[in-house]
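Got your viewer open? Here is a short tour, one selection at a time, with a word on what turns up at each stop.

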Amino acid sequence: MDGVLIDSESTSVRDDYAFSVEIFGKEITDELGDPMGFGVAEVHKRAVALGATIDKELYLQKRDERAKLIYDRADIIEGSDRLVAYLIDNGYKLGVVSATQRKWIDYVLAKLHFREKFEVVISVN
């Protein structure tokens, strides 16, 4: 979904470091390195192993708040509507399969005028 339907990565990359420093502190953030590709629970687990003390539920709440802001600001990938139309016109059935949380997928789907074309949505949860 990210990078295919919505350009959330360029939006989030700009200030992920600052967010991580706010949550975990600079030292732990630097030790963590780039979290791209890790799920939010795995990032928290790794940060705790490095000494972070933030409660998992509070961390997840802050990530959810941040995800909403990112998806609200992110642009839909140019041409995705044409691709969807082409695939539908050529008999393909469409779905979204993502390691992203379902509520985050719903943030994105709400922005798509062609969201009803997806017959199935499968998420990490």
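Start with the whole chain coloured by accessibility: of the 125 residues in the protein chain, 35% are buried, where buried means under 20% relative accessible area, exposed over 50% and partly exposed in between (1.4 Å probe, protein chains only). You're looking at a predicted model, in which local features need pLDDT of at least 70 and side-chain atom pairs count only at pLDDT 80 or more, while totals for chains, interfaces and linings use all residues. Residues are numbered from 1 along each chain as its sequence is written, and side-chain values use heavy atoms, with hydrogens and water left out.

**The whole chain**

Switch to cartoon and you should find seven helices and two strands, in the order α-α-α-α-α-α-β-α-β along the sequence. Helices here are DSSP runs of H or I with at least four residues, strands are runs of E with at least two, and both are numbered from the N terminus. Along the principal axes, the C-alpha atoms fill a box of roughly 55 × 25 × 20 Å. Of the contacts (heavy atoms within 4.5 Å) with a separation of 6 or more, 63% are between residues 24 or more positions apart.

**Helix H4**

Now select 40-49, which is helix H4. Which of its residues are buried? Val40, Val43, His44 and Ala47 are. Look down the axis: these buried residues fall within an arc of 100°, so they line one face of H4. That arc is taken from the directions from the helix axis to the C-beta atoms. The spacing fits a general rule: an α-helix has 3.6 residues a turn, so residues three or four places apart point the same way. On the other side of H4, Lys45 and Ala49 are exposed. The buried residues of H4 pack against H2, H3, H5 and H7.

Stay in H4 for two side chains. His44 counts as buried, because its relative accessibility is 8%. Leaving out residues up to four places away in sequence, His44 touches Phe24, Ile54, Asp55, Lys56 and Tyr59. Ala41, also in H4, is partly exposed with a relative accessible area of 37%. Draw a line from the C-alpha of Ala41 to that of Tyr59: the two are 18 residues apart along the chain and separated by 9.0 Å. Just after H4, stop at Gly51, which takes a positive phi of about 115°.

**The core**

Next, show the largest nonpolar core, with 27 residues. A nonpolar core is a set of buried Ala, Val, Leu, Ile, Met, Phe, Trp, Tyr and Cys residues joined through side-chain atoms within 4.5 Å. Phe24, Tyr59 and Phe118 have the most contacts inside this core, and H2, H4, H5, E1 and H7 each supply at least two of its residues. Centre on Phe24: setting aside residues up to four places away in sequence, Phe24 touches Thr29, Leu32, Val43, His44, Ala47, Ala52, Ile54 and Tyr59.

**Helix H7**

Move on to residues 102-109, helix H7, where Trp104, Ile105, Val108 and Leu109 are buried. They cover an arc of only 145° around the axis, which puts them on the same side of H7. What do these buried residues pack against? Their partners are H4, H5, E1 and strand E2 (118-122).

**Helix H1**

Select Ser12 in helix H1. Ser12 is buried, with a relative accessible area of 10%, and among residues over four places away in sequence, Ser12 touches Arg66 and Ile70. From Ser12 to Leu69 is 57 residues in sequence and 9.3 Å in space, C-alpha to C-alpha.

**Two pockets**

Last, turn on a surface. A pocket, on a 1 Å grid over the protein atoms alone, is an open set of points where a 1.4 Å probe fits, with protein on both sides within 12 Å along at least five of seven lines; lining residues have an atom within 4 Å of a point. The largest pocket has a volume of about 890 Å³, and of its 34 lining residues, Pro35, Met36, Gly37, Phe38 and Arg63 are the closest to its centre. H1, H2, H3, H4 and H5 each supply at least two residues of that lining.

The second largest pocket has a volume of about 180 Å³. Its lining includes Met1, Leu87 and Phe118, and helix H6 (80-89) and strand E1 (94-97) each supply at least two residues.

Terms used. Points joined across faces, edges and corners; volume = space filled by probe spheres on them.
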